[in-house]
Structures are given as structure tokens and as C-alpha cells.
Amino acid sequence: MSAEAVARVEAILRQSGVIAGPCEIRPLTGGYANTVLRIDTSDGRILAKSFGKPMAGTLFPNLPADEAEALRRLSGFGVAPELVGFWPEHDLLAYAYVEGAPWDGDVAAVARLLLRKEAADAKGFRKVSLTPAEILREGDALFARCEDGARPPRPVPADLSPPRRWSLIHTDVGPGNLIGSGDGLRLIDWQCPAMGDACEDIYDFLSPAFQILSERTPLAAPETAAFFAALDRSDLEARYLELRPYFAWRMTAYCRLRAERHPDAAVRERYRQAAAAEIDHLAG
């Protein structure tokens with residue numbers, strides 16, 4: 001972000017009363033689509049997110065108003081950062097800084113966080129695919145955009161009953177979006193929330209692709225078992241196992257497409273590795 005753009009964000013926050021007095025502003029790295037500034041003031045620390053252009057044809061849209069609404073609904077549940085303010089005319093969002101290091105590998109803490117999230121109201125958010133046939137069609141559409149025509153075997157869609165309830169889902173529960181530890185763990189970057197199946201967020205966290213894209217090692221079987229032991233929801237575990245091949249097919253297609261089109265060669269290689277890992281996940 002240019003110095004002029006940083007000054008513009010600071011001016012908006014000062015005019016809104018979010019900042020008063022001296023402050024220190026520094027950009028943070030790691031985001032794929034948006035620019036994030038850490039702002040230290042005498043009253044505390046906040047993050048200001050300046051949103052990039054809306055994205056089409058992706059599993060992970062960039063939706064500023066939806067992120068603001070998700071943070072409002074999750075307030076007090078110990079799941080997400082606390083919203084400070086949203087300025088839609090500037091595509092600018094501010095929320096309380098989440099203190100702590102990136103996720104430390106505690107899978108039980110993630111399970112407890114996802115259970116806390118179930119208390120939030122999902123009504124009004126975009127609806128995402130629920131059935132195996134719908135999820136596979138999304139994967140088909142992504143594969144059709146790939147230059148490489150090779151595809152792994154397509155799973156046969158099963159006739160599954162819908163989930164018991166719509167959940168507010170994050171849709172991008174990778175380690176890079178988990179900050180803190182224990183019951184202080186928080187899930188950040190809510191720019192693509194949805195009404196969907198709780199198992200989609202479970203799949204994302206356990207998926208080898210999401211781990212690889214966060215530059216982590218895929219979870220091993222004992223870690224997955226520890227996650228489900230902490231979740232203690234046999235219904236969700238059974239449903240996850242039924243849906244896993246369909247989510248893996250779609251994620252393989254997404255990673256294949258990004259491996260072809262991302263402008264950064266290192267990131268393309270990461271997506272290539274993630275796609276290969278998802279193909280193995282399909283078989284397992």
C-alpha cells in the first residue's frame with residue numbers, strides 16, 4: 001500500500017473517532033487479496049483491512065459487507081475478532097487485533113472453536129452448495145477452465161440428506177487464518193462467509209491442501225482422530241466422511257486452476273503440491 005493510501009486510511013479512522021492522538025501504522029503481509037494495516041494507538045491495537053477488487057469465478061469471493069456482518073454476529077462467542085467499524089463507501093473494515101502467534105498445532109482448540117461458532121445465526125448470508133451433486137458440478141466448472149485436461153476419477157454422487165441446520169461457515173479455515181492458542185484461538189479473515197454445512201469448515205481445516213497453502217505439513221491420522229475426539233460430534237464426523245471425496249474433488253480443481261494462473265511462481269508451485277495432495281485425499 002502506498003504512503004498516500006495509508007494516509008487516506010488513517011484520515012478515515014481519525015474522522016470516525018477510531019484513532020485519536022499519536023499512532024504507529026505498519027503493513028502486514030500474507031494476504032492474497034487485501035491490504036492489512038496494524039495500527040498501534042495509546043488505546044490499543046487494531047487492524048484495518050482495505051479490500052481489493054471483487055473476485056468472480058472463485059470458491060473464495062472477497063465480500064467486505066459480509067465480513068463486517070459476520071464479525072457482528074460472532075461478537076462475544078470467542079470465535080472471531082471484535083468489529084471496530086466498517087466504511088462501505090471506502091471498502092474499509094477495522095477490527096480488534098488478535099494477540100498471539102499463528103496456530104500452534106492444537107487440533108482440539110480448533111474443534112472447540114468450530115463448536116463455539118455454531119451458536120451464530122447464518123440467515124441472510126450467501127448459500128453455498130450442500131449436496132454431493134452440487135459440489136461436484138462446481139468442481140467440473142473449475143476443471144473446465146484448466147488448460148490441463150487430465151482429471152482424477154470423479155466420485156459418484158451419493159444421495160445424502162441435508163444437514164440438520166444451516167451453519168455460518170468461514171469457508172477458508174486454513175492455519176493461516178487461525179491466531180492464538182487454547183480457548184483464546186480466533187479465526188480471522190471472514191471475507192467469504194456463507195450459509196452452509198458445518199462439515200465444509202471441518203473439511204477445510206483437515207484438508208491437506210489448506211495446510212499446504214498455509215505452508216504447513218498435512219495433518220496425520222492421529223491428529224485427525226484427536227480433532228474428532230475433541231469435537232465429540234459423531235454425527236458431524238460421519239457426515240464429514242461422506243462429503244470428503246466431493247470437497248476434495250472440488251478443491252483439486254481449484255488448486256489446479258490456481259497452479260496454472262497465479263502470477264507468483266512460488267505460489268503456483270504451492271497450489272500444484274496442494275492439488276496433488278488432494279488427489280491422494282480423494283482416494284483415502
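Which residues have the most contacts inside the largest nonpolar core? In this predicted model, the largest nonpolar core has 73 residues, and those with the most contacts inside it are W190, I202, F205, F227 and C255. Helix α8 gives the most to this core, contributing twelve residues. For C255, when its neighbours within four places in sequence are left aside, the residues in contact are A209, L213, Y271, A274 and A275. Separate from this core is a second one of twelve residues, which includes I12, I19, W87 and A94. In soluble globular proteins, nonpolar side chains tend to be buried together.

Helix α3, which spans residues 107–117, is mostly covered, with eight of its eleven residues buried. The buried positions are V107, A108, A109, V110, A111, L113, L114 and K117, so that a lysine is found among them under the criterion of less than 20% relative accessible area. These buried residues pack against the helices α2 (64–74), α5 and α7 (221–231), and also against the strands β6 (167–169), β7 (178–179) and β8 (186–187). At the start of α3, the backbone nitrogen of A108 lies within 3.1 Å of a side-chain oxygen of D106.

The search for enclosed space gave one cavity of 30 Å³ or more, and about 60 Å³ of space lies in the largest cavity. Its lining is formed by L114, L115, K117, E118, A198, I202, L231 and L236, and the elements that give two or more residues to this lining are α3 and α5. Of the elements concerned, α3 gives the most, with three residues. By class, the lining of the largest cavity has six nonpolar and two charged residues, and no polar ones. Two of the lining residues, L114 and K117, are also among the buried residues of α3, while I202, which likewise lines the cavity, is one of the residues with the most contacts inside the largest nonpolar core.

Among the open sites, the second largest pocket holds about 260 Å³ of space. This pocket is lined by 18 residues, of which T58, L59, E138, E200 and R250 lie nearest its centre. The elements that give two or more residues to the lining of the pocket are α4 (132–144), α5 (198–206) and α8 (234–261). By class, the pocket lining has nine nonpolar, three polar and six charged residues. Helix α5 thus appears in the description of both spaces, as it gives two or more residues to the lining of the second largest pocket and likewise to that of the largest cavity.

Key:
Residues numbered from 1 in each chain as written. Predicted model: local features only at pLDDT ≥ 70, side-chain atom pairs only at ≥ 80, totals over all residues. Heavy atoms only, no water. 1 Å grid on protein atoms, 1.4 Å probe; cavity = no way out; pocket = protein on both sides within 12 Å on 5 of 7 lines; lining within 4 Å. Points joined across faces, edges and corners; volume = space filled by probe spheres on them. Helix = DSSP H or I, 4+ residues; strand = E, 2+ residues; numbered from the N terminus. Nonpolar A, V, L, I, M, F, W, Y, C, P; charged D, E, K, R; others polar. Core = buried A, V, L, I, M, F, W, Y, C linked by side-chain atoms within 4.5 Å. Buried < 20%, exposed > 50% of the residue type's maximum accessible area, 1.4 Å probe, protein only. Contact = heavy atoms within 4.5 Å. Polar contact = N/O pair within 3.5 Å; in protein donor to acceptor, adjacent residues only side chain to side chain.
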